Structure formats: C-alpha cells, structure tokens
Amino acid sequence: MNAILVASNRGPVSFTLSEDGSLSMRRGGGGLVSGLAEVARDLNMLWVCAALSDGDRGAARLAPGGRLDQAGYDTGAVRMLDIPPTIFHRAYNAVANSTLWFVNHLLYDTPNRPQFDARFGREWESYQAYNEAFAMALAEEAAHGARVMVQDYHLSLAPAMLRGERPDLRVAHFSHTPWAPPEYFNLLPDDVGIELLEGILGADHAGFLTARWAGAFMDCCEAVLGAGVDRTARTVTHGGRTTRIGVHGLGVDGDALWARAREPDVESHMAALRDQVGDRKLIVRIDRTELSKNIVRGLAAYREFLSTHPEWHGRVVHLAFAYPSRHDLPEYREYTAAVQRCAQEIEDEYATEDWAPVILNVHDDYPRSLAAYQLADVLLVNPIRDGMNLVAKEGPVLSPNSALVLSREAGAAAELGRHALLVNPYDVSATAAALHEGLVMPEEERARRGALLAAAATALPPHRWFSDQLTALK
C-alpha cells in the first residue's frame with residue numbers, strides 16, 4: 001500500500017510494439033510528465049496512468065495488475081491502466097481534448113460549435129467510466145490516510161468518485177490548464193458543468209497555476225452551484241464540505257535543464273544550427289501545433305515585421321519548431337497544414353539564394369529545441385490562452401541574453417510579464433513591433449531583463465510545486 005499516489009492520463013514511460021512483438025520502453029512526453037518525473041524519483045510514490053497505445057496496453061497486460069515495476073521494468077512504482085480503447089478514445093479525444101480543452105482555452109467557433117447531442121451523451125459516459133477506472137485503482141492502492149494527487153482536466157471527476165470509495169484519503173486535484181469564466185463555462189450542458197465542478201470539489205485541495213485561473217474556478221462554483229466562496233481565504237463550500245483553493249506556479253529546475261543542455265547531442269544540434277543560420281539574428285519559437293499556441297498569427301507577425309523593416313532582410317531568421325499534436329482530431333491536422341502554408345508563403349515572398357527567412361520544423365526533437373533556446377536572440381511565446389507555458393521559462397534560463405516576446409494571456413505572464421515584451425496575442429501588428437523591439441534592444445537592457453526572467457522562471461521548480469501541494473494536504 002502506498003502513502004503518496006499521483007494519477008495522470010500520461011505516465012512516466014511509454015512502450016512501442018515492434019514488428020517481432022517485442023516491447024521497447026522510453027520516457028513519456030509532455031510538460032506534466034517532465035515536472036512530475038523529477039519529483040517521483042525522490043519519493044516513495046505510486047504513479048497511476050493510462051495505457052495510451054498498443055505498446056502500452058501490451059506492457060500493462062503482461063504486468064501483474066498493470067504494475068510495471070513488478071514486471072521487471074525500471075519505471076519506479078507505476079500502475080498502467082488498460083482502459084478499453086473505445087472508452088479511452090471517447091474520454092480522451094471527444095471529451096477531454098475536444099470539449100474541456102476547448103472550453104477552458106476559449107477556442108470554440110461558437111456559431112458552429114459546440115453541439116451537444118446524443119452522441120456527446122455517449123462520449124460523456126465514457127469520460128465517467130474512464131475517471132471511475134482511475135478512482136477504483138487509486139482506492140485499491142492507497143494506504144489508510146494516504147495523500148493522492150490527481151492531475152488535470154482528464155480526471156476532473158475522479159476526486160469525488162475516490163472520496164465516495166475512500167473517505168479516509170486526503171485528495172488534491174491540480175488543473176494545468178486555464179479555467180473558463182462562468183459565461184463561457186456555461187456552454188457545457190448544465191448537468192455536465194455541475195458534475196465537473198462537484199468532481200473537483202470532491203478534493204480537499206484544488207490547485208491552479210495562477211490566481212487568475214483559481215478565481216475563474218471559484219466564480220464558476222458560485223455562479224453554477226451556488227456554492228459559498230471565500231475569495232480571501234480561497235475556499236469553496238458546497239454539499240457540506242469545504243475545499244481549499246491553492247495557487248501553485250510551476251517553474252523549471254535550472255540546474256537539471258542546464259545539465260541536459262550540455263549533453264553532446266545538444267551540442268551537435270547547436271553546431272548544425274550555427275552552420276545553417278550563420279551570423280544572423282535568431283527569432284525562435286518552440287511549440288506543439290496546438291490551436292491555443294497561436295503559431296499562425298506568430299508567423300503572420302514575422303511576415304509583417306519583414307514587410308515593415310526591409311533593413312532586416314538577410315540579417316534575421318525565424319526558427320519555428322511546431323511539433324505535431326493531437327493528429328487524431330481534424331482541427332489539429334488542418335491547423336498544422338495552415339502553419340506549413342504560412343511558412344511557405346513567407347519563404348516564397350522573401351527568400352533569396354543565400355537566405356531562408358524562416359526555418360520550420362514539424363518533427364519533435366527535444367535536444368534540438370534545447371540547442372535553439374541557447375542561440376535565440378528573441379523568443380516568441382504568443383498563445384491565445386495558456387495555463388502556464390514552460391517554454392517561456394526554459395528559454396530565459398538557457399539564453400539569459402535573449403528578449404522574450406510574451407502573450408499577456410499566458411499564465412507565465414503573471415510571473416514574467418514585468419521583464420518581458422508583453423503583447424495582445426490577437427494583435428499581429430503589435431507582435432511584429434515587439435519582435436523588432438526585441439531585436440534592437442540594447443545589450444545591457446537585454447542582460448538586465450534576462451537575469452530577472454531566469455530568476456523568476458526557476459523560483460518554483462517542480463520539487464517545490466509538488467511539495468507545497470503535499471503540505472497543503474496534511
């Protein structure tokens with residue numbers, strides 16, 4: 001039995017099934033996994049996650065009760081849940097990523113979507129079943145009085161379900177996304193909105209990345225549930241229980257990031273990028289091709305910058321890493337194609353024989369990203385809406401003399417905004433002007449801001465972020 005447990009959709013490892021039927025293991029992807037994996041190594045903590053692929057399902061089925069550590073894998077204590085693929089697909093793609101993500105990031109084209117019908121009703125039942133599978137696994141594995149850390153929008157119902165099974169447990173839920181204001185949250189069917197809020201309020205402690213997102217959640221609890229909200233004490237009282245609301249910013253471990261950035265594979269990428277770019281200035285962006293990341297407007301801003309500042313032709317390169325994301329969803333496939341079209345239009349209009357104004361790469365390569373950070377003169381982070389955005393924090397750590405152009409709608413703006421060049425993510429002209437300001441910023445000012453950005457970015461490393469929430473459960 002385990003005294004500390006964490007639950008998340010994605011786990012610390014993933015498996016690939018080869019043609020001969022053998023399984024190969026690698027580290028799981030995603031910012032949440034990166035942050036938690038550092039902490040898990042230092043704690044006697046069981047990690048409960050879902051099998052995401054055929055390789056994962058194969059590994060989970062071969063392990064006793066899905067416990068990978070008991071099947072000989074060097075994973076730490078991990079239980080991987082083999083949730084039926086149809087239920088997983090509906091819960092993950094149709095509800096979590098196509099509904100909850102869209103609501104909390106304000107992404108809907110409301111004249112056309114959403115449309116909640118009988119099909120959505122079946123998808124919601126799968127989301128309930130998915131959350132129940134996690135709640136039951138946690139209930140089975142937790143020692144009496146254990147602390148359980150439930151992560152993100154995939155598992156919004158699990159805290160209340162777990163509370164029903166094991167009232168002795170201390171439960172926290174953490175939202176890594178923004179939270180929608182009540183008027184947008186109310187796009188959801190009434191019963192779904194109520195169940196989501198009551199699901200999270202099943203926790204003793206509900207955590208958010210910024211005070212803004214925590215405030216939006218409390219506003220929804222008051223408007224939708226009629227809950228008692230104390231904004232000064234940050235508590236929500238509903239159904240005879242009180243849930244504390246916490247704000248826990250997530251930063252980066254500067255020492256660990258630098259240690260990885262000095263590895264030979266990163267050094268080789270730096271050499272290759274220098275050969276490719278020469279002595280030109282570099283504007284860098286590193287993102288998934290996620291709708292909320294606003295890559296298309298970022299490219300449009302760079303195009304306008306080139307139009308209004310011809311003196312920079314041949315002297316600057318925009319290095320845009322836009323890694324694939326959620327290609328199971330048609331909106332994401334279309335968005336990736338739009339990103340590629342925009343980059344090609346810039347190339348067609350401005351490229352010369354010896355100058356490629358934009359270098360777009362859509363193949364995930366973490367070492368190459370770490371190399372690009374270190375070479376950046378300007379880092380562009382312009383999401384429409386973002387829970388935090390660790391790119392905005394990793395960049396200043398690895399390139400303390402780069403200028404940061406940052407969307408005011410990123411959660412990171414609460415901590416970094418004073419030292420960055422803040423922009424309205426919808427204002428292409430203002431973003432173009434900020435790119436120019438970043439390029440011409442005097443070195444002394446660049447270094448001053450960079451030092452402050454790096455200090456803020458490392459003030460709340462993953463260990464502290466996690467331990468603060470554990471302490472809140474005592």
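This is a walk through a predicted model, from its two open sheets to its helix packing, one loop residue and its cysteines.

Start with the sheet of nine strands. It is open, and its pairing is mixed. The strand order reads S5-S4-S1-S6-S7-S8-S11-S10-S9. Strand S5 (78–81) and strand S9 (228–230) are the edge strands, and each of them pairs on one side only. From one strand to the next, the twist averages 20°.

Look at the S9 end of that order. S9 pairs with strand S10 (residues 235–238) in the antiparallel sense, and three bridges hold the pairing. One bridge can be picked out by residue: Asp230 has Thr235 of S10 as its partner.

Now turn to a hairpin. Strands S2 and S3 form it, with five residues between them. Gly21 sits in the turn, with a positive phi of about 90°. The pairing of S2 with S3 (residues 23–27) is antiparallel and runs over five bridges. Within it, Ser14 has Arg26 of S3 as its bridge partner.

The loop between strand S1 (2–7) and strand S2 (13–17) holds Asn9. Is Asn9 buried or exposed? Asn9 has a relative accessible area of 4%, so it counts as buried. Its side chain makes a polar contact with the side chain of Tyr130, at 2.7 Å. Beyond its neighbours within four places in sequence, Asn9 is in contact with a set of residues that includes Cys49, Ala50 and Leu52. Phe88, Tyr92, Phe134, His154 and Leu155 are also among them.

The second sheet is open too, and has six strands with parallel pairing. Its order is S14-S13-S12-S15-S16-S17. Strand S14 (358–361) and strand S17 (421–423) stand at the edges with a single partner strand each, so one side of each has no neighbour in the sheet. Neighbouring strands here are turned by 15° against each other on average, with direction ignored.

Take one pair from this sheet. Strand S12 (residues 281–288) and strand S13 (residues 316–323) run parallel and are joined by eight bridges. In that pair, Ile286 stands opposite Phe321 of S13. Helix H13 packs on the sheet and touches S12, S13, S14 and strand S15 (378–381). The direction of H13 makes about 150° with that of S13.

H13 (residues 366–375) also packs against helix H9 (residues 254–261). Their axes are 10 Å apart, and the angle is about 105°. H9 and H13 are therefore roughly perpendicular to each other. On the H9 side, the contact is made by Leu257, Trp258, Arg260 and Ala261. On the H13 side, Tyr366, Pro367, Leu370 and Gln374 take part.

Finally, the cysteines. A disulfide is a covalent bond between the sulfur atoms of two cysteines. How many disulfides does the model contain? The count comes to zero. The cut-off used is 2.5 Å between sulfur atoms. Why does Cys221 form no bond? The closest cysteine sulfur, in Cys220, is 7.1 Å from the sulfur of Cys221, which is too far for a bond. Cys221 has 0% relative accessibility, so it counts as buried. Cys342 has a relative accessible area of 18% and is buried as well. The threshold for buried is under 20%.

Technical notes
Residues numbered from 1 in each chain as written. Predicted model: local features only at pLDDT ≥ 70, side-chain atom pairs only at ≥ 80, totals over all residues. Heavy atoms only, no water. Pairing = 2+ DSSP bridges. Helix = DSSP H or I, 4+ residues; strand = E, 2+ residues; numbered from the N terminus. Axes fitted to C-alpha atoms, helices over the stretch in contact; angles between N-to-C directions. Buried < 20%, exposed > 50% of the residue type's maximum accessible area, 1.4 Å probe, protein only. Polar contact = N/O pair within 3.5 Å; in protein donor to acceptor, adjacent residues only side chain to side chain. Contact = heavy atoms within 4.5 Å. Parallel < 35°, antiparallel > 145°, perpendicular 65-115°, else oblique.
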